[in-house]
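Work through the exercises below with the sequence and the model in view. Each task is followed by its solution.

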Amino acid sequence: METSKILNDINEDIKALRTEVFIEEQNVPVELEIEVNEDRYIHCCIYKDDILIAYARVYLSTPAIIGRVCVKKNYRGLGYGRKVMQLAEGQLQRINEVHLHAQIHAQGFYEALGYTPFGDIFSEAGIKHIAMKKTFIFYDMNTLSMMTSLTTRTLRNYIKLGLLNGQMIKGKWQFSEEDIQNFFKEKFVEAELIIKSKGMVNDYLNTVNVDASCFVVDLEWNASLEDKIKNVLDIVNQENSVRFSYLKTPSKTHARLCVIAKPMIIKKILDIIES
């Protein structure tokens with residue numbers, strides 16, 4: 001059974017794992033490994049069957065600092081390094097930048113998690129390191145409401161249902177980009193957002209009074225869409241004022257459609273594509 005724990009101070013399991021990884025495997029001097037004031041850190045632990053297998057600690061400064069990231073030898077290569085980093089990043093309390101000192105051999109691992117190196121390579125405890133950092137963007141409830149066209153009341157209901165995750169900071173909800181991406185992946189949410197978006201587009205096309213509008217959409221390419229494109233071209237050929245183009249991706253899995261036309265013509269084209 002796998003469990004995650006957040007501790008306010010070091011315990012014997014943490015001492016044992018850090019001793020095993022840093023002192024015994026990497027020859028870090030004992031006096032540099034365990035600090036007197038370990039209680040100033042947040043200790044992030046992943047246990048499997050009551051064995052501590054992955055660990056990281058967080059210092060809540062500005063920027064925040066993540067360190068002592070390690071995974072028990074027999075559990076490496078199984079994704080626990082990524083998991084414990086996600087656990088550590090989840091403790092940042094919406095601090096928008098975090099730094100760490102990466103051992104050179106692990107630089108690629110951190111880059112895959114969104115960290116970028118800065119400064120020169122340096123030696124720490126006799127091991128070559130590079131400083132790395134990651135910046136986070138957070139959105140409040142009103143901004144997310146504008147992004148999705150969902151009311152703040154609806155968003156709060158999604159929070160209660162567990163479909164939208166965020167963090168309450170000083171009485172206000174804050175959402176990371178990861179929180180929002182996961183929210184958009186929920187099938188029920190995705191369906192509601194599509195309905196909302198279609199409604200906004202139709203409202204615009206039905207009420208706007210302009211000679212021409214531009215519409216750009218990315219769609220999954222398949223045989224059905226190819227047939228619909230042929231029907232769209234029939235409209236284009238009948239309307240001299242319509243400018244239409246589409247471009248497939250190199251993999252031919254998606255296509256980008258661009259239409260410049262009168263709003264009612266765009267609406268006809270959208271009706272064909274959505275049929």
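**Exercise 1.** State which residues lie nearest the centre of the second largest pocket.

Solution. The second largest pocket has a lining of 21 residues, and nearest its centre are E89, K134, F136, S176 and E178. The model is predicted, with pLDDT of at least 70 needed for local features and 80 or more for side-chain atom pairs, while totals for chains, interfaces and linings use all residues. Numbering runs from 1 along each chain as its sequence is written, and side-chain values use heavy atoms, without hydrogens and water.

**Exercise 2.** Classify the ring pair of Y75 and Y80.

Solution. Step one: rings of Phe, Tyr and Trp (its six-membered ring) pair if their centres lie within 6.5 Å; planes under 30 degrees apart are stacked, over 60 edge-to-face, the rest tilted. Step two: the centres of Y75 and Y80 are 6.2 Å apart and the planes stand at 75°, so this pair is edge-to-face. Step three: Y75 and Y80 are both buried (buried is under 20% relative accessible area, exposed over 50%, partly exposed in between; 1.4 Å probe, protein chains only).

**Exercise 3.** Classify the pair F183 and F184, and give the burial of each residue.

Solution. With 6.0 Å from centre to centre and 40° between the planes, the pair of F183 and F184 is tilted. F183 has 0% relative accessibility and therefore counts as buried. F184, at 32%, counts as partly exposed. Both residues belong to one aromatic cluster with Y158 and F188.

Methods: On a 1 Å grid over the protein atoms alone, a cavity is a set of points where a 1.4 Å probe fits but cannot get out, and a pocket is an open set with protein on both sides within 12 Å along at least five of seven lines; lining residues have an atom within 4 Å of a point.
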